[in-house]
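Hi everyone, thanks for coming. Let me put today's protein on the screen so that we can walk through it together.

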Amino acid sequence: MTKISDLYNRTFKTLRISLINTCNLACTYCVSEEEGRIKKESKINIQKSKIKNHLELGQIIKQLHSILNLETIRLTGGEPTLYKDIVPFIEALQPMGVPIKLTTNGYLLKNLLEKLPDNALDSINISLDALDEDVFFQISKRRNLYKILEAIDLALAKNIHIKLNCVVIKGMNDQQILPLLEYAGKRNITIRFLELMRMGHYHNANFENDFFSETDILNLIKQKYSIYKLERQKSATANHWLTDSGYKFGIIANETEPFCHDCNRLRLDSYGNIYGCLSANSPISVSETTDLTEALTQALKQKQPVKFTGSALSMLEIGG
Ligand code: SAM
């Protein structure tokens, strides 16, 4: 078997699948004010799918696993809970024995959790950018934040491991950092604060104005808590800290503390294209008949050596 690895000894162990490239929220970091909910043409030439259904997608994933011996499969999007076949798709992947994780905005999660067997998902990352309804609306253009909070309660009641993700935007939700930290900490949930990334409409414009760095986040938390840094896990996106009150939080500092050097992620979009890096603007189309070893070798070359350089694609398209 050909070993897929590069000069930096990186390979692919985590597969992130963007099941669908639409979302029921219109978060400001994914979609600009002008774009709103209207689906725009992609900025790159993405080859539309030869993949007919979730069974075919499942076959490609099994083939990728046979080459890569995957350690994690993460379902994302767009918003993966909008994918109509998500339940049978998860059920079809389960026999592979690879932990299946989900990244969701949580809006429709309660419904999904009621349909899925309790052990179907290994863990769930839920995006939660604010606890204040007005700030949540400003970011997501949606009301009914309670739906996400109810889904969090249900996941906890079912003993499903969850983490929260909050993208911090200066002047918009930076004042939500402490309330979110405390909300998560009191429930024994780890929350990760994400530095804004230069993607989509942030690729060339507005970025500096809206950027709130890891240092800014730490300084804000240190105004109220003493904090201790924890050791970084290999290939992790986040660095973690513990507050003196026992709250664990992470920061995904893609801009100021990049983690490309040991990145092990491979992306597969809803059209059946793979990408070796978030900043790769050249999708590699795959199907059941593709020479996947060759395609993966090509994808690995897309990884940046040191730092994410930005992308004209929004996370909606490539899968966050
Ligand atoms: N809809 C799901 C959700 O909201 O979690 C999954 C897809 S979403 C694109 C995945 C993650 O990407 C979210 O945590 C979101 O906050 C993050 N994201 C999207 N655009 C971003 C950007 N420009 N900078 C930083 N994080 C971003």
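I'll go through the sheet, two helices, a cavity and some aromatic rings.

First, some ground rules: this is a predicted model, where local features need pLDDT of at least 70, side-chain atom pairs count only at pLDDT 80 or more, and totals for chains, interfaces and linings use all residues. Residues are numbered from 1 along each chain as its sequence is written, and side-chain values use heavy atoms, with hydrogens and water left out.

Let's start with the sheet. Helices (H or I, at least four residues) and strands (E, at least two) are DSSP runs, numbered from the N terminus, and two strands pair if DSSP finds at least two bridges between them. Here, twelve strands make an open sheet with mixed pairing, in the order β7-β8-β9-β6-β5-β4-β3-β2-β1-β10-β11-β12. The edge strands, β7 (227-229) and β12 (284-285), each pair on one side only.

Now look at β8 (residues 239-243) and β9 (residues 248-252): they run antiparallel and are joined by four bridges. Which residue in β9 is the bridge partner of asparagine 239? That is isoleucine 251.

Next, a cavity, meaning a set of points on a 1 Å grid over the protein atoms alone where a 1.4 Å probe fits but cannot get out. A volume is the space filled by probe spheres set on the points, which are joined across faces, edges and corners. The structure holds one cavity of 30 Å³ or more, and the largest cavity has a volume of about 40 Å³. Its lining residues (an atom within 4 Å of a point) include Leu113, Pro117, Asp118 and Lys158.Two helices cross the sheet: α8 (residues 214-222) runs at about 160° to β9, and α9 (residues 292-300) at about 40° to β11. Axes are fitted to C-alpha atoms, for helices over the stretch in contact, with angles from 0 to 180 degrees between N-to-C directions; contact means heavy atoms within 4.5 Å.

Finally, there are five aromatic pairs (ring centres of Phe, Tyr and six-membered Trp within 6.5 Å).

How values were computed:
On a 1 Å grid over the protein atoms alone, a cavity is a set of points where a 1.4 Å probe fits but cannot get out, and a pocket is an open set with protein on both sides within 12 Å along at least five of seven lines; lining residues have an atom within 4 Å of a point. Rings of Phe, Tyr and Trp (its six-membered ring) pair if their centres lie within 6.5 Å; planes under 30 degrees apart count as stacked, over 60 as edge-to-face and the rest as tilted.
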